[in-house]
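Trainee: I'd like to go through this one by asking why things are called what they are. Can we start with the word "buried"?

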Amino acid sequence: MERLDKILASTGRWSRREVKELVRAGRVTANGAVVRSPEEKYQREGLDLRVDGQSVLCERYTYLMLHKPAGLVSATEDPRQATVLELLPEHLRKIGLFPAGRLDRDTEGLLLLTNDGALAHDLLSPRKHVDKTYFVQVEGQLDQSDVEAFQGGMTLGDGLVCLPAGLKLLEAPDEALVTLREGKYHQIKRMLAARGKPVRYLKRLTMGPLVLDEGLEKGQWRPLTEEELSRLRSAPGV
């Protein structure tokens, strides 16, 4: 059970002082009843909380699917470059969201933004074996020898040891799907560069059971559905 002013303030939309003013004006309802005091306590889960009749999401954790465009860095802040959090409205930038795993500045696709550190850790840990799938276009032509190199695990010239990975050839000879269970710095680019086939375009399509919603335009985001969140939480290793 938590105080109402704490719950509403945690959404990033109002300060506790502003919440007190909303309650005093009778503009806040909880489960259909007008709230009389900002100190009243409620359970977040299942709470129907409204301000001026508009529903307020008040779950402890937030989970957003973002279709990351090229040109933004996957960070909460950067003094020199625009970050993915700048795509969000101001109130969502105040609640501690961070990217669950990074995509390079020029890489597009699925990015999960959350403030659930435990879930993010499970998704990113190589020991948890949560697969991530990427669409890739390269310079040159991919072939079976590249598939076998990925399957066997690669040790790059700079000493980076890569776990076995999947490389599925597509109809176009310069396109493939890459599946990783880890996410080392520029890993796909470095692996393919070592094969003499540098990456021209890279897009993440999946993280575990979470699949990029192609209905989202680049730069758009939406909350995860209950079904997506349930599948994510029940995935092996999470």
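Mentor: Sure. Buried means under 20% relative accessible area, exposed means over 50%, and partly exposed is what lies in between. Keep in mind that this is a predicted model.

Trainee: Then what makes Thr83 count as buried?

Mentor: Its relative accessibility is 2%, and the cut-off is under 20%, so Thr83 counts as buried. Thr83 sits in the loop between strand 7 and strand 8 (98-99).

Trainee: Which residues is Thr83 in contact with, leaving aside neighbours within four places in sequence?

Mentor: Leu72, Val73, Ala75, Thr76, Glu77 and Asp78. Contact here means heavy atoms within 4.5 Å. As for Asp116, 33 residues along the chain from Thr83, the two C-alpha atoms are separated by 19 Å.

Trainee: And why is Asp52 called partly exposed?

Mentor: Set its value against the two limits: the relative accessible area of Asp52 is 46%, and partly exposed is the range between buried, under 20%, and exposed, over 50%. Therefore Asp52 is partly exposed. You'll find Asp52 in the loop between strand 5 and strand 6 (54-55).

Trainee: What is notable about the phi of Asp52?

Mentor: Phi of Asp52 is near 55°, a positive value in a residue other than glycine. Most residues other than glycine have a negative phi. Asn31 is not a glycine either, and has a positive phi of about 55°; Asn31 is in the loop between strand 2 and strand 3 (33-34). Gly26, just after helix 2, takes a positive phi of about 75°.

Trainee: Let's stay with helix 2. How do you know that its buried residues are on the same side?

Mentor: In helix 2 (residues 16-24) the buried ones are Val19, Leu22 and Val23. They cover an arc of only 95° around the axis, which puts them on the same side of helix 2. An α-helix has 3.6 residues a turn, so residues three or four places apart point the same way.

Trainee: Which residues are exposed on the other side of helix 2, and what covers the buried ones?

Mentor: Arg17 and Arg24 are exposed on the other side. The cover over the buried residues includes helix 1 (4-9), strand 2 (28-30) and strand 5 (49-51).

Trainee: What does the record say about residues 2-62?

Mentor: An unreviewed UniProt entry annotates residues 2-62 as "domain: RNA-binding S4". In the model, that span is 25% helix and 23% strand, and its end C-alpha atoms lie 17 Å apart.

Trainee: Now helix 6: what puts its buried residues on the same side?

Mentor: The buried residues of helix 6 (residues 226-233) are Glu228, Leu229 and Leu232. They cover an arc of only 95° around the axis, which puts them on the same side of helix 6. The face turned away from that buried side carries the exposed residues Glu226 and Glu227.

Trainee: What do the buried residues of helix 6 pack against?

Mentor: Several elements, among them strand 7 (63-68), strand 9 (108-114), helix 3 (117-124) and strand 15 (199-207).

Trainee: And how many helices and strands does the protein chain have?

Mentor: Six helices and 17 strands. Of the 238 residues of the protein chain, 45% count as buried.

Conventions
Residues numbered from 1 in each chain as written. Predicted model: local features only at pLDDT ≥ 70, side-chain atom pairs only at ≥ 80, totals over all residues. Heavy atoms only, no water. Buried < 20%, exposed > 50% of the residue type's maximum accessible area, 1.4 Å probe, protein only. Helix = DSSP H or I, 4+ residues; strand = E, 2+ residues; numbered from the N terminus. Arc of directions from axis to C-beta. UniProt positions renumbered as here; feature names shortened; annotations may be inferred.
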